[in-house]
Structures are given as structure tokens and as C-alpha cells.
Amino acid sequence: MIKVAMIGVGAISGIYLKNLTLTFKEVELIGVCDLIPERAEKGVQYVKDEIEKGAKVCVPKIYKDMHEAFADPEVDVILNLTRPYEHYEVTKAALLAGKHVFSEKPLAVDMEEADELVELAKKTGLCMGGAPDTFMGAGIQTCRQIIDSGMIGDVIGANCAMVCHGHETWHPDPEFYYKRGGGPMMDMGPYYVTALVQLIGEAKGVMGMTKKSFDQRIITSQPHYGEVVDVDIDTYLAGNILFTNGAIASIFTTFDVYYGRGAQARFEIYGTKGTLVVPDPNTFGGPILLLRPEDQAAAPKVDPALMKKEAPNFYAGYKEIPLMFDYNENSRALGLSDMCKAIETGRDFRANYQQQHHVLEILTSFSKSCEKGEYIPLKTKYYRTEPMKNNPMHGILD
């Protein structure tokens, strides 16, 4: 049994605590640590409550700091759930202490930090991976099987968008979203770009245009209601990604736009034989929609501009495809569990650092392209990891 210590018990930790306690059977959470002790205590109390309900897990220790966790000989893996600009420091210290690391996204906030972490992982021979692991869920894995089977032909391109007005209306501690390592591309972009490379393959270059629309944000969520945040990063980013196979993807992320909550995620893959509507890559499930030429054979032969105008149903005529894989609920810690299985068996794991590294270079190249006014070729290489395999036992990895 691989034993894990959690560093950072903030907002995202809740779903990790739940899934490590109730779902994933091959990982044991043995300790937690947070700069705010009350958060660590609350996390441990959650586990205690579940044990009283019948969960067969141990009560995690509370470490006074991350270095105490690193020094614990029982710990195999550090789960790094700190804020984005802290990922580099925590991951580096853990690797130097001889621990494997699984980190929340992104790997680091810039390529200099990421390059150093990758070299350190190679030098030490330790496993280093991280979120997002949503691509391992039923939704993206089903889409990958559809594409790999040739159902939409050769991939021509893709179009992705994440449109909202920021997180300060609901997140309990939203300030870091507007500081170094934050912004819509670094926060939400990892889900979209990770799904893109999983579905299409290696990217070779990026062009982008970015800007900051508002210099300040007012928090309207508790407990920081009314506080003003200075915005230090771009919050409106749009660009194109050129893939090695010739496909071109457009991606747009913003924290500046008022938009319907149910429509803020857009993700379409275009092929020579059809169009695939990919589910929100920040989720693990569906729905998945498919349109092929035969679906349009009976469409009226009129100029669309002359048709009666109504509220558009963009996906009229598309067919919903059933999910073909497990994990369609919020399964965060799936990637961690997969990495732990790899540590035990010696096989590769899916949410590995070469994927994180490639995705981070794409994410950071949009602003670089805008600053330089030029196309940015990518230096990192990428290979797709193995698709998921269905196991009859939920919570047990192949």
C-alpha cells in the first residue's frame, strides 16, 4: 500500500479527502499539513467522521510543517495541494527529500521552474506527476476512443472556450487567481489543453493575444467580502495551437465576461468525417455529442440566413454517445492513485510530468507570443499515455 501525505488542505482538498477515504483502495492517506492548523484539523475530522460511518482507513497525522512530512519514513508520496505559485518550492523540496510527488495543476508557474523540476525528477529517478486527471475520466476517455477509432476521420482542428467573470463571487480565497501563476489560462487552461493533447497529440507551436481588462476586482464571497484585489496578470487570453499532425486548435479563456453558467465551457473537435462535442474537461463525465455527414442528409436545402430566427440550438441533430469507461463522477485523486499503482508495478502512469511540462509550455506561450508578436515554437516533446482500462472493481487501477 502506497502511503501519501497531503500538503495544503484548502478548498480543493475536500474532494481529495473524500476520494482517498471512500473510493481509491490502493492508496493510504497517512498525514496532512497546512500553514493554517485549523484546516488540517478540519481535514482529519472529516476522515474521523467517515471512519465512524464505516470507512476502513487510518486517522491521518497532522504534521507541524511540510518538512516534518518529508522526514516521515512512512511517507512514499507527497500530494502537493498548495497554491500555484507554491508548487515549485514544495515539489522541489519533496523530491530532494526522496519523495515521489503528485501536484495540483500547474506543474509550476513558468518554464524555468518546470525545467528544473523535470531535471530533478530525472536525476533522482522519482515519480513526478500531477493534475489535471480529469482526462482519465469516462468523458475524455470515451472521446479518445471515438477519435482513435476513426469515427470522425482525421482530426482537422478544435475550438475551445472557457468564458466566465472570475471566481471572486464564489471562491472562499480568490486573490491568488489574480496573482503570479493565476489567471484563466493557468487556472482553467490546463483542463482544456491536457484534453487537447490527449485527443490530438503533440503540439508544435503557439500564437496568442492577451490582455488585462480590469485593474482591480472586488470580492463578493465570504469570508473576504468587500476586499479589493489588485490584478497582476492577463485575464483575457486567446490563441491558436498548431499540432504536429497538422491540426489547429483555437482556445479562448477569460475571467472578464458575463456569461451563462451552464454555457461557460465549449469544446469541439473537427474531423474529416464528423464533429465531436467534448464534455467540459473540468469534469470526468459527459455528455458527448457526435455529428456525422449522414446526420445532415435530410436537412432542408435552404440558405441558413433566410430561415426563421429563433434562439439557436447549436447541437440540434447531434447524437449523444454513451460513456464507455468508468469514473464519470468527480474522481480527483484518480491520477494520484494511478501513479501509486505505477510505483508498485513499475509501469508508466498517465498523469505524468512529461504531459504537465508540455501543457505548461503551451499555456505560458500565449502571453509570450503576444509580448513578442510572433509564433512561438515549442521545445518540449509529448507522447500520449495509455488509454484507461475498465476494471470491474471501482477504485482499483489496472
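Before anything else, a note to self: I count two residues as in contact when heavy atoms lie within 4.5 Å. I'm also keeping in mind that this is a predicted model.

**Entry 1: α8 and α10**

I started with two helices, α8 and α10, the latter covering residues 353–372. Which residues of α8 meet α10? I found G189, P190, V193, T194, V197 and Q198 on the α8 side. Their partners in α10 are Q355, H358, V359, I362 and L363. Sorted by class, this contact has 6 nonpolar and 5 polar residues, with no charged ones. I then looked up the geometry: the two axes come within 10 Å and cross at roughly 115 degrees. The crossing is right-handed.

**Entry 2: the sheet**

Next I traced the strands. An open sheet is built from 9 of them, with mixed pairing. I wrote the order down as β16-β15-β14-β13-β7-β12-β11-β8-β17. Which strands sit at the edges? They are β16 (319–321) and β17 (376–377), and each of these pairs on one side only.

Then I checked what lies against the sheet. Helix α6, residues 138–148, packs on it and touches β7, β13, β14, β15 and β16. The direction of α6 makes about 20 degrees with that of β15. My helix from the first entry turns up here too: α8 (residues 189–200) packs on the sheet, touching β7, β11, β12 and β13. For α8 I noted an angle of about 15 degrees with the direction of β13.

**Entry 3: both sides of β8**

I zoomed in on β8, residues 203–211. With β11 (residues 236–243) it runs antiparallel, and 8 bridges join the two. As a marker for that pair I picked K211, which stands opposite Y236 in β11. β8 also pairs with β17, again in the antiparallel sense, over 2 bridges. There my marker is V206, standing opposite I376 in β17.

**Entry 4: α4 and α5**

Last stop, another helix pair. I looked up α4 (residues 87–96) and α5 (residues 111–124), whose axes come within 10 Å and cross at roughly 15 degrees. Angles under 35 degrees count as roughly parallel, so I put α4 and α5 down as roughly parallel to each other. α4 passes α5 in a left-handed crossing.

Which residues make this contact? From α4 I listed Y88, T91, K92, L95 and L96. From α5 I listed E113, E116, L117, L120, A121 and T124. By class, I get 6 nonpolar, 2 polar and 3 charged residues for this contact.

Conventions: Residues numbered from 1 in each chain as written. Predicted model: local features only at pLDDT ≥ 70, side-chain atom pairs only at ≥ 80, totals over all residues. Heavy atoms only, no water. Pairing = 2+ DSSP bridges. Helix = DSSP H or I, 4+ residues; strand = E, 2+ residues; numbered from the N terminus. Axes fitted to C-alpha atoms, helices over the stretch in contact; angles between N-to-C directions. Left-handed = near helix turned anticlockwise from the far one by under 90°. Nonpolar A, V, L, I, M, F, W, Y, C, P; charged D, E, K, R; others polar. Parallel < 35°, antiparallel > 145°, perpendicular 65-115°, else oblique.
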